[in-house]
Structure formats: C-alpha cells, structure tokens
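Subject: Structure for you to look at, with notes on its ligand, pockets and cavities

Hello,

I am passing a structure on to you, and I would be glad if you could open it before you read my notes. Please keep it on the screen while you read, so that you can find each residue as it comes up.

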Amino acid sequence: MAVKTASRLALVRRPRRLRRTETIRSLVRETHLRPDCFIYPLFVCDGRSVRRDIRSMPGVQQLSVDEAVKDAVAAREDGVPGVLLFGLPPSKDTTGTLAADPEGPVQSAVREMKRAAPDLVVMTDVCLCEYTSHGHCGILDGEEIVNDMTVAQLAQVALSHAVAGADFVAPSDMMDGRVAAIRQALDERGFERVGIVSYAAKYCSAFYGPFREAADSAPQFGDRRSHQMDPANVDEALREVEMDLAEGADIVMVKPALTYLDVITRVKQRFQQPTAAYHVSGEYAMLKAAAANGWIDEPRAMMETLTAIRRAGADIIITYYARAAARVLASR
Ligand code: PBG
C-alpha cells in the first residue's frame, strides 16, 4: 500500500532510526551481559554420585562432591568464572557444629574444585542455617539469635573454607560485625588474600522459599526478621553496605535482585565498589513455572531479567541461570 507523502511528519528526531537493524541496535546498546559477570550457585551434599532434583527449582540439583566438581568444571567451560557453594551436612545440631568441619561437603568440594580447575573462582556461603537443627542462622538463646557468639562461630566457618582453598567467603547471615570478625580471623591465620563477598543488603524476602527446600534450611519456628532487612528500607541498605565496606568487604551484595533494582542502583552509585546482585531461588522458580506453563518465552525472559539486573548497576550476578545464559551469549 502506498503511503501518502502528505501524511509525513516533519520530525527531526526519529529514535526508530537506531532500532532499524540488529547491527545498529547493538552499536548503540548500553548494557552488555557477558558470561564473566555470572556466578553459579551449587548445593553440595554428602555421598558419591548423588544428583537429587530440587522440586521447586527445575534444573538445579543437590550434588555430591564428585558431581559438584563436574558441574563446576562444566560451568567454567561454558565461560562462567565462578561458583558459590552451599552445603548440606550429614547431620545437624543446635549450634551448627558441622559448618566448620574440614571434611564437610563444602570444604571437600572447595579442595577438589581448586584441584580440577585452579582458575575457577570458588566462593562459599557462610551461614549456620543449613547446619542448625532449628534452621536459624545462628546460635539461639530461647528464640533469639545471640549475635556475638554466632559471629565467633561464623569466623571459624569462614576460616575452614579458607583453609580448604576458597577464593572468597560470603557471609549471608546478616549478624552485626561479622565481616570484621571474619577479616580478622582470616588475617590472623595468614589468609590475607582470601576475599569477602558480603551479603550486605539482604532483605527478609519471600523469594528464598525454594532455596530453603534446596538447602533444607527453613526455620523450624519464627522467621528471619530479627536480622534480615525490612523490604521497605533503602537508607538502611546504604548504611549496611557502608559498614561492611568499612569492616573489609571486597564485594558487596544486594539480595534479592529484581524487587530491589533501586537498591542495586543506589549502592553502585554511592560507593562505586564491586557490586553483586543475587537473582534468588524464587525469582528463578517464577520464570521456570511460567515457562513450564508455556506462558513466557524462557530464554528471552531470562536474558531480559539478567540485563535488567546489570543495567541497574550490578557488576556480578549470582544466578541459577548462569550456565544457560552463558550458553545463549556464546551462541550469538
Ligand atoms: C542462607 C542463605 C539463603 C539464601 C542464600 N543464603 C536463605 C535464607 O536466608 O533464608 C537464599 C538464596 C536463594 O533464595 O536463592 N542464609
């Protein structure tokens, strides 16, 4: 159909010129995802040749050390630089003793991964909730988590990960003063080179639900509101980040990601430090569930989500989609 010349607008600015072809679009693209901004979380359990599906996180499994090493090496081959390890101990007690076990699943996995892939960045989650019988992140007095006693124990857990060869320890407990205590414990034992990724602004979120199935870490009573942040606050997030940096954090994290994009932006702009965002289990599960129903195009939704997190200011994205996204990027 012929378009009438008379109907043409006299526009000087036509933004659509820059959207005409993929080459032009990529020329003016502002945000680029690269596989090297991804960290891939892994759940490590006891035993051998174990691959146990996690119902609420399709594509994610609990893995014994031997299998976790295979997946870490495969992730590296996909171009993902690093992994974040969570542990499922063979048994639990009230104080989470096994979290610092030198032969625990995480410590063993760290040793084997560094042997199999020396340049793989191995990060370890430091928290007690997977190791305590009550599922809380620390040592209890009645129903209250005792801060300083918990911090002392977390420092020992972090140290056990450093001894095993971890590049970074990542405290996710949200106790006060844990970054300083961990830094001191590491330095006293000669682990100055081991870094700290602090879950600095970690919110008390409904989006951790599937993770608690994966890590078997649901609190047996109550919730995590006494230490994780109120979703309504952002000034407080900046204070948390400032404190963790002052205590020696090398990388600061905002978690979850999608419902806190504004927090990521504020943290990055204010401190200009390496900033990570955790695209958490519930955020992953939502996309998986919608995709399984045929309601969204999963690869597109995945890339759009990860791009948004990066656009908000994240340098590093911790995501269960790390390998899938790296593969999409490699195929472009
Ligand atoms: C441990 C921890 C949690 C997550 C990371 N570390 C769960 C929690 O705080 O309850 C959540 C990760 C995810 O949902 O993917 N404290």
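What follows is a description of the ligand and its surroundings, and then of the pockets and the cavities.

Please keep in mind throughout that this is a predicted model.

I would begin with the ligand, which sits in the largest cavity. A total of 18 residues surround the ligand, and the closest are Lys202, Arg212, Lys255, Ser281 and Tyr320. If you sort this shell by class, you will find 10 nonpolar, 3 polar and 5 charged residues. Two elements, strand E9 (195-202) and helix H6 (209-214), each supply at least two residues of the shell.

Which polar side-chain atoms approach the ligand's oxygen and nitrogen atoms? One belongs to Tyr320 and lies 2.6 Å from an oxygen atom of the ligand, while another belongs to Gln228 and lies 2.9 Å from an oxygen atom of the ligand. A polar side-chain atom of Lys255, in turn, lies 3.3 Å from a nitrogen atom of the ligand. Taken alone, the ligand exposes 400 Å², and the protein buries 100% of that area.

The cavity that holds the ligand can also be described by its own lining. About 160 Å³ of space lies in this largest cavity, and 19 residues line it, with Lys202, Tyr208, Phe211, Arg212 and Lys255 nearest its centre. The elements that give two or more residues to this lining are E9 and H6, which also each supply at least two residues of the shell around the ligand. By class, the lining of the largest cavity divides into 9 nonpolar, 4 polar and 6 charged residues.

The count of cavities of 30 Å³ or more comes to 4. The second largest cavity holds about 70 Å³ of space, and its lining is made of Tyr40, Pro41, Leu42, Phe43, Gly59, Val60, Gln61, Leu63, Asp71 and Tyr320. Strand E1 (38-45) and strand E3 (61-64) each supply at least two of these lining residues, and E1 gives the most, with 4 residues. The lining of the second largest cavity divides into 7 nonpolar, 2 polar and 1 charged.

Turning to the pockets, the largest one has a volume of about 410 Å³. Among the residues that line this pocket are Glu22, Arg29, His32, Met303, Arg311 and Arg332. Helix H10 (residues 298-312) provides the largest share of this lining, 4 residues. By class, the lining of the largest pocket has 3 nonpolar, 3 polar and 6 charged residues.

The second largest pocket has a volume of about 180 Å³, and its lining includes Tyr40, Arg51, Tyr284, Lys288, Tyr320 and Arg327. Helix H9 (281-292) and helix H11 (322-330) are the elements that give two or more residues to this lining, and H11 gives the most, with 3 residues. The residues of this lining count as 5 nonpolar, 2 polar and 5 charged.

One residue is worth following through the whole model, namely Tyr320, which is among the closest residues to the ligand, lines the second largest pocket, and lines the second largest cavity.

Best wishes

Technical notes: Residues are numbered from 1 along each chain as its sequence is written. This is a predicted model: local features need pLDDT of at least 70, side-chain atom pairs count only at pLDDT 80 or more; totals for chains, interfaces and linings use all residues. Side-chain values use heavy atoms; hydrogens and water are left out. A residue is near a molecule or strand if one of its heavy atoms lies within 4 Å of it. A polar contact is a pair of N or O atoms within 3.5 Å; within protein, one must be able to donate a hydrogen and the other to accept it, and residues adjacent in sequence count only if both atoms are side-chain atoms. Accessible areas come from the Shrake-Rupley method with a 1.4 Å probe; for residues, only the protein chains shown count as cover. On a 1 Å grid over the protein atoms alone, a cavity is a set of points where a 1.4 Å probe fits but cannot get out, and a pocket is an open set with protein on both sides within 12 Å along at least five of seven lines; lining residues have an atom within 4 Å of a point. A molecule sits in a cavity or pocket if more than half of its atoms lie within 2 Å of its grid points. Ala, Val, Leu, Ile, Met, Phe, Trp, Tyr, Cys and Pro count as nonpolar, Asp, Glu, Lys and Arg as charged, and the others, Gly among them, as polar. Grid points are joined across faces, edges and corners, and a volume is the space filled by probe spheres set on the points.
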